[in-house]
Amino acid sequence: MDWVSFWDGAHSIYVSDRHKQVHYARITADITALVPRPDARVLDYGCGEALGAQDLSRSCGALALADAAPTIRAKLKQRFAGEAKISVLSPEETAALPSGSMDVVIVNSLLQYLSRADLVGLLSVWRRLLAPDGALVIADVIPPDVSAIQDATALLTFAAREGFLIAAFVGLARTAVSPYRKLRADLGLSTYAEPEIMALIAAAGFSVERLPTNIGHNQRRMAFRAVPR
Ligand SMILES: C[S@@+](CC[C@H](N)C(=O)[O-])C[C@H]1O[C@@H](n2cnc3c(N)ncnc32)[C@H](O)[C@@H]1O
């Protein structure tokens with residue numbers, strides 16, 4: 001199994017429905033704050049279930065949702081069939097979009113599941129898709145020194161605040177014996193020190209800065225904003 005198959009199947013990364021709802025509510029609010037204009041064309045790459053897509057689409061001109069997992073895409077297509085502003089794309093369809101056709105590209109919580117070679121390839125796709133005054137935001141990047149324990153602590157803190165603490169304890173115990181844990185041990189997660197990821201982004205033709213806060217609840221992870229150079 002690889003990471004895309006993992007995300008394509010049934011998994012229990014979200015410890016409860018409440019967790020999934022508050023996760024997407026939080027990232028949708030954070031992403032919405034990054035949309036510069038009501039007519040901006042936004043690409044959410046590695047969008048997952050995108051529970052906040054309808055809300056996000058109200059703050060932008062067009063929203064393209066891209067994900068490599070076919071089952072996720074099929075559900076998104078069904079959910080957003082009547083939404084003129086929202087399109088659902090495969091990675092191949094995304095790569096075939098016209099140059100300069102996006103004002104904002106959001107990549108949240110994806111890099112850990114990509115090899116470095118795949119990341120370099122995608123950076124050049126995102127660079128080509130961005131309009132000259134557009135921006136790429138890459139967030140939830142895991143630094144090498146963040147442990148699974150620290151991730152668990154961040155989840156429990158979020159859960160305590162958002163009212164799903166018991167589910168979080170149960171979920172963490174389940175994750176410890178889950179396919180996620182096995183895949184994490186077998187395939188690993190890609191992690192980046194701040195200078196390394198900034199150098200990779202810059203090498204793809206961007207000026208890049210680290211943002212003061214990450215998207216989502218885990219502030220040990222990092223977010224970057226890059227503009228075409
Ligand atoms: C952790 S989820 C993130 C979902 C959402 N962005 C969020 O922050 O909640 C990672 C998503 O990336 C997708 N993914 C993994 N590899 C990908 C690739 N090479 N291209 C596009 N999507 C990919 C997975 O299918 C999954 O839906």
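## Helix α8 and its buried side

In helix α8, the residues A168, G171 and T175 are buried. Looking down the axis of α8, these buried residues fall within an arc of 65°, so they line one face of the helix. The face turned away from that buried side carries the exposed residues I166, A173 and A176. Among the elements that cover the buried residues of α8 are α7 (148-162) and α9 (179-186).

Please keep in mind that this is a predicted model. The length of α8 can be checked with a little arithmetic. The helix has twelve residues, 165-176, and at 1.5 Å a residue they should span 16 Å; the C-alpha atoms at its two ends are 17 Å apart, which agrees.

## Two nonpolar cores

Which residues touch the most other members of the largest nonpolar core? They are L43, L65 and V105, in a core of 50 residues. Strand β5 (residues 130-141) gives this core its largest share, six residues. Setting aside its neighbours within four places in sequence, L43 is in contact with A64, A66, M102, V105, I106 and L129. V105 therefore appears twice here: as a contact of L43, and beside L43 among the core members that touch the most others.

Another core, of five residues, lies apart from the largest one, and its members include L155, A159, F164 and A168. A168 is already familiar as one of the buried residues of α8.

## Around the ligand

Now to the ligand. Of the 18 residues around the ligand, W7, G46, G48, A68 and A69 come nearest. Sorted by class, this shell has twelve nonpolar, four polar and two charged residues. Helix α1 (residues 3-8) supplies the largest share of the shell, three residues.

## Two residues with positive phi

Most residues other than glycine have a negative phi. Two residues are worth a look with that in mind. S109 is not a glycine, yet its phi is positive, at about 60°. S109 sits in the loop between β4 (102-108) and α6 (116-129).

D140, also not a glycine, has a positive phi near 65°. Where is D140 found? D140 lies in strand β5, the strand that gives the largest core its largest share.

Are these two residues buried or exposed? S109 has 20 C-beta neighbours inside 10 Å, so S109 counts as buried. D140 has 20 C-beta neighbours inside 10 Å as well, and therefore D140 counts as buried too.

Note on methods
Residues numbered from 1 in each chain as written. Predicted model: local features only at pLDDT ≥ 70, side-chain atom pairs only at ≥ 80, totals over all residues. Near = placed C-beta within 6 Å. Helix = DSSP H or I, 4+ residues; strand = E, 2+ residues; numbered from the N terminus. Nonpolar A, V, L, I, M, F, W, Y, C, P; charged D, E, K, R; others polar. Expected span 1.5 Å × (residues − 1). Buried ≥ 20, exposed ≤ 12 C-beta atoms within 10 Å, placed from the backbone. Arc of directions from axis to C-beta. Contact = placed C-beta atoms within 7 Å. Core = buried A, V, L, I, M, F, W, Y, C linked by C-beta atoms within 7 Å.
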